[in-house]
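Look at the protein chain shown here and follow it from one pair of charged side chains out to the rest of the fold. Terms are explained where they come up.

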Amino acid sequence: MTVSAAGSSTGSRSFTAGLWNRQLEAYPETGPRMMYLGITVLSTIMLYYELYVGGSVTPLFLAKLNMSFTFLVYTLAAGAFLGALGSLFAGLADRVGRTNIVVIGLFLTALFTTFLIPASTSKWEFTIFGFIVGIVEGICLVATPALIRDFSPQVGRATAMGFWTSGPVLGSLVVTLVATHTMPASPSPSFWGHEYVICGIAGFVVFVLAALMMKELSPGLRDQLMVTMQDRALIEARAKGIDVEASLRNPFRQLVKPDVIISAVGISIFLLVYYTAVAFGAILFETVFGQTLKNANGIGNWNWTADVVAVIAFGFISDRVRVRKPFMIAGGVAAAVMLAIFIKTVGGGSGESYYTIVTVVALLSFFLGVAYVPWMASFTETVEEHNPALTATGLAIWGLIIRIVVTVAYLLIPVVIHSVTPLVQNGPTVQAIVAKYPAFQVPAATLATLQKDPTNATALAQAHAILGPNYISELVAASKAPASDVAYLEKHAPAVVKASKDAPGQWQDWYWICFGGTIFFLLTVPMMRGRWSPRKAREDEAAHEAMIQAEMAKLGVATTA
């Protein structure tokens, strides 16, 4: 009995220790490495799913929680700022590690998404809980790309970053896919919490998988530059004597450099189109293009699928040809062209067909992905040029900057777009009343004339032109409408009509600002690390391989084919 109990206790301590101490002292073989990369990508997808799930039901919770569009946007701005602070804190991942930050974050976000956010009964409850999720997300989503970098040499970096970049995009895709398959055609405002509960349950499943499977490299391994898999033996030899503390001194001072800061600002402004789609895509498609909320999420399916295909495919292609910058330029220019076409499409409003919208949106999203994934690879390589031991710090700087840019953008959106609140809060009721009593489409002055003189020929002709041959019966039905409906229309219909006319132009103004951001991004590309010519890049790789072989020979490290 004593031996059995002791053995059980030891096993328990070993299992518990393994859940907290996740460091690997040797670089993993290809199979385990792919598994660690896979669980990191899955965790990233889940975190973004939880962060973005509200976008699928925004019109519903705005109505249910009596929240104005302006209030929503300002709270999103505040949440982005808090996420920026979380990203800054995540720079500590270079010192304390990455995996435990992610695992704890997955648990907290699942808890809030399943139980607390959908139980909110006021806009302030909803907002505060959302702030907490945003802070945790800001911390975790610096740690996950750092893990991707750790487990991927530069030669395969864009492919690995392509899978990581698919995390936020697949998170967005999961949001719209789940919504289109679980949302009724005409959901009531109370339905909004349903999508959060589904998301939170999935979050707990991913938390358990990450707690059991996620690993990271020890500081001595991850704090070195790895260009190809042939560097593995040398890195493990160096790790035995590396001064980790020395490499981590004054981390931000080492990385606050023009190439790091300006390139991070450039990509952040470039991605304003993406963040606008994530937060407000459903509102745009519903209020400007006249789509149902279910169809709005359906457009999102096409949008995010195109993005996923681009980031994975062009990550692989970028690695094959060994360059990043040509893809950033090509993708950025094509995205600018498609953004101009999209702006014209927005001007067409509800006159545009569903598949016209889908085509334009999908192509725009595709080219954003073509530019973004090689940028992520190039950015980590630019950071490594300064200090490979400070990857998480560099990503923390990027996370801080992108969230500050998003904060400023969200503060500007209500200034540029102020037509959403009447359309979301009052538009559905106005439309329902007009659908029941079509005569209310007739101008109020004409209806007033007919009330005074039902035989007025001019007024009757105007009503006939709008209502068709059944205009007399429609006028009679409207005259019997409840006083509450008439009062509601008198109070809110003018604002709704004006907002409907103003909305396309206001959204166009915003997207022209995004267009300017795309041009700025293109101007920052030359600052980043990397060759323009595939031939020059391969020459650099060959020179690096020769250097590695020479260093390994000096250290007496055996080489393998």
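E381 and R324 form a salt bridge, with their closest N and O atoms 2.8 Å apart. A salt bridge here is a side-chain nitrogen of Lys or Arg within 4 Å of a carboxyl oxygen of Asp or Glu. E381 lies in helix α18 (residues 354-386) and R324 in the loop between α16 (293-321) and α17 (325-348), so the pair ties together parts that are 57 residues apart in sequence. Helices (H or I, at least four residues) and strands (E, at least two) are DSSP runs, numbered from the N terminus. Both E381 and R324 are buried. Buried means under 20% relative accessible area, exposed means over 50%, and partly exposed lies in between (1.4 Å probe, protein chains only).

The model is predicted: local features need pLDDT of at least 70, side-chain atom pairs count only at pLDDT 80 or more, and totals for chains, interfaces and linings use all residues. Residues are numbered from 1 along each chain as its sequence is written, and side-chain values use heavy atoms, with hydrogens and water left out.

How many salt bridges does the structure hold? There are six. Side chains of opposite charge can pair when their charged atoms come close. One of the six joins E385 and R529, at 3.0 Å from N to O. This pair links distant parts of the chain, since E385 is in helix α18 and R529 in the loop between α24 and α25 (534-555), 144 residues apart. E385 is exposed, with a relative accessible area of 55%, while R529, at 31%, counts as partly exposed.

Another salt bridge brings together the side chains of K498 and D502, at 2.6 Å from N to O. Both residues lie in helix α24, four residues apart, about one turn of the helix. An α-helix has 3.6 residues a turn, so residues three or four places apart point the same way. K498 counts as exposed at 51% relative accessibility, and D502 as partly exposed at 26%. Salt bridges that share partners also join D319, R324 and E381 into one network.

Helix α24 spans residues 483-524 and also contains T518. Is T518 buried or exposed? Its relative accessibility is 1%, so T518 counts as buried. Leaving aside neighbours within four places in sequence, T518 is in contact with F270, G332, A336 and L339. Contact means heavy atoms within 4.5 Å.

Helix α17 holds M338, which counts as buried at 10% relative accessibility. Not counting residues up to four places away in sequence, M338 touches V360, L363, L364 and F367. The C-alpha atoms of M338 and F366 are separated by 9.8 Å, and these two residues are 28 apart along the chain.

Now take the interior as a whole. The largest nonpolar core has 152 residues, and those with the most contacts inside it are W375, W398 and W507. A nonpolar core is a set of buried Ala, Val, Leu, Ile, Met, Phe, Trp, Tyr and Cys residues joined through side-chain atoms within 4.5 Å. Apart from residues up to four places away in sequence, W507 touches T276, F280, I283, L284, V288, V346, I417 and V420. A second, separate core of eight residues includes A310, F327, V373 and A537.

Helix α21 (residues 444-452) shows two sides. Its buried residues are T446, L447 and L450. Seen down the axis of α21, they fall within an arc of 100°, so they line one face of the helix; the arc is that of the directions from the helix axis to the C-beta atoms. The face turned away from this buried side carries the exposed residues A444, A445, Q451 and K452. What covers the buried residues of α21 includes α22 (457-467) and α23 (471-479).

Some totals complete the picture. The protein chain comes to 25 helices and two strands, and 55% of its 561 residues count as buried. Among contacts between residues at least 6 apart in sequence, 86% join residues at least 24 apart.
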